[in-house]
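Student: Hey, can you walk me through a structure? I'd like to ask things as they come up.

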Amino acid sequence: MKVLYFAEIKELVNRSEDVFHFDYEVPVSDLTTHLYQTYPIIQGKKFQVAINEEFARAEDLIQPYDVVALIPPVSGG
């Protein structure tokens, strides 16, 4: 699966995307755990997860070919 990073998350991990190879579907919560282990600097950071441009919940499943985006909260006025 391709994982895209935006805003603060992108800056913290110093990259705009990664490709992770899973041969099975993965719950969003498991991917989040994997990302926290891969990039400990993002632990505790808030972000929404989108799968194929639709916001997802922790129990939603990600297919090996999906595109996932980590979207931090947007500030501004």
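Tutor: Sure, let's chat through the sheet, a few residues and some aromatic pairs.

Tutor: One thing up front: this is a predicted model.

Student: Okay. Which strands form the sheet, and in what order?

Tutor: Five strands form an open sheet, and the order is β2-β1-β7-β4-β5. The pairing is mixed.

Student: And which strands stand at the edges?

Tutor: Those are β2 and β5. Each has a single partner strand, so one side of each is left without a neighbour in the sheet.

Student: How do β4 and β7 pair?

Tutor: They pair in the antiparallel sense, over four bridges. β4 covers residues 48-51 and β7 covers residues 67-71. To pick out one bridge, Q48 has I71 in β7 as its partner.

Student: What about β4 and β5, how many bridges there?

Tutor: Two bridges, and that pairing is antiparallel. Strand β5 is residues 54-55, and its F55 stands opposite A50.

Student: So what sits between β4 and β5?

Tutor: Two residues, and the two strands form a hairpin. Look at N52 in the turn: its phi is positive, about 50°.

Student: Switching to β7. Is V68 buried or exposed?

Tutor: Buried. V68 is in strand β7, and its relative accessible area is 0%.

Student: Wow. What does V68 touch?

Tutor: If you skip neighbours within four places in sequence, V68 is in contact with M1, K2, V3, L4, L31, V49, A50 and I62.

Student: How far is V68 from E53?

Tutor: They're 7.7 Å apart in space, C-alpha to C-alpha, and 15 residues apart in sequence.

Student: New topic: where is D18?

Tutor: D18 is in strand β2, which is residues 17-19.

Student: Is D18 buried or exposed, and why?

Tutor: D18 counts as buried because its relative accessibility is 11%, and the cut-off for buried is under 20%.

Student: Which side chains does D18 make polar contacts with?

Tutor: One is R15, with a side-chain contact of 2.8 Å. Another is Y39, where the side chains make a polar contact of 2.6 Å.

Student: And what does D18 touch further along the chain?

Tutor: Not counting residues up to four places away in sequence, D18 touches M1, K2, V3, Y5 and Y39.

Student: Let's do rings. How many aromatic pairs are there?

Tutor: A search of the whole structure finds three. One of them is Y5 with Y39, an edge-to-face pair. Their centres are 6.1 Å apart, with 85° between the planes.

Student: What does the Y5 and Y39 pair tie together?

Tutor: Y5 lies in strand β1 (residues 2-5), and Y39 lies in the loop between α2 (28-38) and β4, so the pair ties together parts that are 34 residues apart in sequence. Y5 and Y39 are both buried.

Student: Got another pair for me?

Tutor: Yes, Y36 and F47, which form an edge-to-face pair. That's 6.3 Å centre to centre, with 65° between the planes. Y36 lies in helix α2 and F47 in the loop between α2 and β4, so this pair ties together parts 11 residues apart in sequence.

Student: Which of those is buried and which is partly exposed?

Tutor: F47 counts as buried, at 15% relative accessibility. Y36 is partly exposed, with a relative accessible area of 23%.

Definitions and conventions. Residues numbered from 1 in each chain as written. Predicted model: local features only at pLDDT ≥ 70, side-chain atom pairs only at ≥ 80, totals over all residues. Heavy atoms only, no water. Buried < 20%, exposed > 50% of the residue type's maximum accessible area, 1.4 Å probe, protein only. Polar contact = N/O pair within 3.5 Å; in protein donor to acceptor, adjacent residues only side chain to side chain. Contact = heavy atoms within 4.5 Å. Pairing = 2+ DSSP bridges. Phe/Tyr/Trp six-rings, centres within 6.5 Å; stacked < 30°, edge-to-face > 60°.
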